[in-house]
Amino acid sequence: VQLQASGGGLVQPGGSLRLSCTASGSIFGIDNMAWYRQAPGKQRELVAIISSDGSTLYVDSLKDRFTISRDNAKNTVYLQMSTLKPEDTAVYYCNALLRETPFNSTLPYWGQGTLVTVSS
């Protein structure tokens, strides 16, 4: 199983970006999907979670600017980020709780991270 994240890049303050992360490989089912981020010199932190039925949970400080969504048919989770600030600069990681077969336990898988830089 692989999680491939994309969509990062350099954006000016106030701009927007949309991150994508697709899970591929032997997948029986995916439960929660999430985005985390890790800024330079800081610990990785949760950004948002979305369940298989579309319920969402956000870090309070980001919920007005970030939107998480998913396409279950494509095993893909998205993060729409708007009104970006320099403090949003970080490597963004996707996470999925999934099982490979009906007989496996649900395990967490991580994407490789995509760098978002907010700078003028």
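This passage describes the overall fold, the charged network and two local environments in a predicted model of a protein.

The secondary structure of the protein consists of 11 strands and 0 helices, so that the order of elements along the sequence reads β-β-β-β-β-β-β-β-β-β-β. The radius of gyration is 14 Å, close to the 14 Å that the globule rule gives for 120 residues, and the protein is therefore as compact as a globular protein of that length. Along the principal axes, the C-alpha trace spans about 50 × 25 × 25 Å. Of the 120 residues, 38% count as buried, and the surface that the protein exposes amounts to about 6,400 Å², of which carbon and sulfur atoms supply 48%. When contacts with a separation of 6 or more are considered, 54% of them are accounted for by residues 24 or more positions apart.

With regard to charge, the protein carries 10 positive and 9 negative charges, the mean positions of which are 3 Å apart. The count of salt bridges comes to 4, and a network of such bridges links Arg37, Glu45, Arg65 and Asp88. Within this network, Arg37 is paired with Glu45, the closest N and O atoms being 2.7 Å apart. Arg37 has a relative accessibility of 9% and counts as buried because this value is under the 20% cut-off, whereas Glu45, with a relative accessible area of 37%, is partly exposed.

The side chain of Arg37 also meets that of Asp88 in a salt bridge, with an N to O distance of 3.0 Å. Because Arg37 lies in strand E4 (residues 29-38) and Asp88 in the loop between strand E8 (76-81) and strand E9 (90-99), this pair ties together parts that are 51 residues apart in sequence. Both Arg37 and Asp88 are buried. Asp88 forms a further salt bridge with Arg65, for which the closest N and O atoms are 2.7 Å apart. Arg65 is located in the loop between strand E6 (56-58) and strand E7 (66-71), while Asp88 is in the loop between E8 and E9, so the pair ties together parts that are 23 residues apart in sequence. As with the preceding pair, both partners, Asp88 and Arg65, are buried.

Two further residues illustrate local surroundings. Gly8 is found in the loop between strand E1 (2-6) and strand E2 (9-11), where a relative accessibility of 34% places Gly8 among the partly exposed residues. Leaving aside neighbours within four places in sequence, Gly8 is in contact with Leu17, Leu19, Thr114, Leu115 and Val116. In addition, the C-alpha atoms of Gly8 and Val91 are 8.5 Å apart in space, although these residues are separated by 83 residues in sequence.

Ser20, by contrast, is part of strand E3 (residues 17-24) and is buried, with a relative accessible area of 17%. Not counting residues up to four places away in sequence, Ser20 touches Gln4, Ala5, Ser6, Trp35, Val77 and Tyr78. Among these contacts, Val77 and Tyr78 fall within the range given for strand E8 (76-81), Trp35 within that of strand E4 (29-38), and Gln4, Ala5 and Ser6 within that of strand E1 (2-6).

Notes
Residues are numbered from 1 along each chain as its sequence is written. This is a predicted model: local features need pLDDT of at least 70, side-chain atom pairs count only at pLDDT 80 or more; totals for chains, interfaces and linings use all residues. Side-chain values use heavy atoms; hydrogens and water are left out. Helices (H or I, at least four residues) and strands (E, at least two) are DSSP runs, numbered from the N terminus. The radius of gyration is taken over C-alpha atoms; the globule rule is 2.2 Å times the number of residues to the power 0.38. Buried means under 20% relative accessible area, exposed over 50%, partly exposed in between (1.4 Å probe, protein chains only). Contact means heavy atoms within 4.5 Å. Accessible areas come from the Shrake-Rupley method with a 1.4 Å probe; for residues, only the protein chains shown count as cover. Lys and Arg count as positive and Asp and Glu as negative; His and the chain ends are not counted. The place of a charge is taken as NZ of Lys, CZ of Arg, CG of Asp or CD of Glu.
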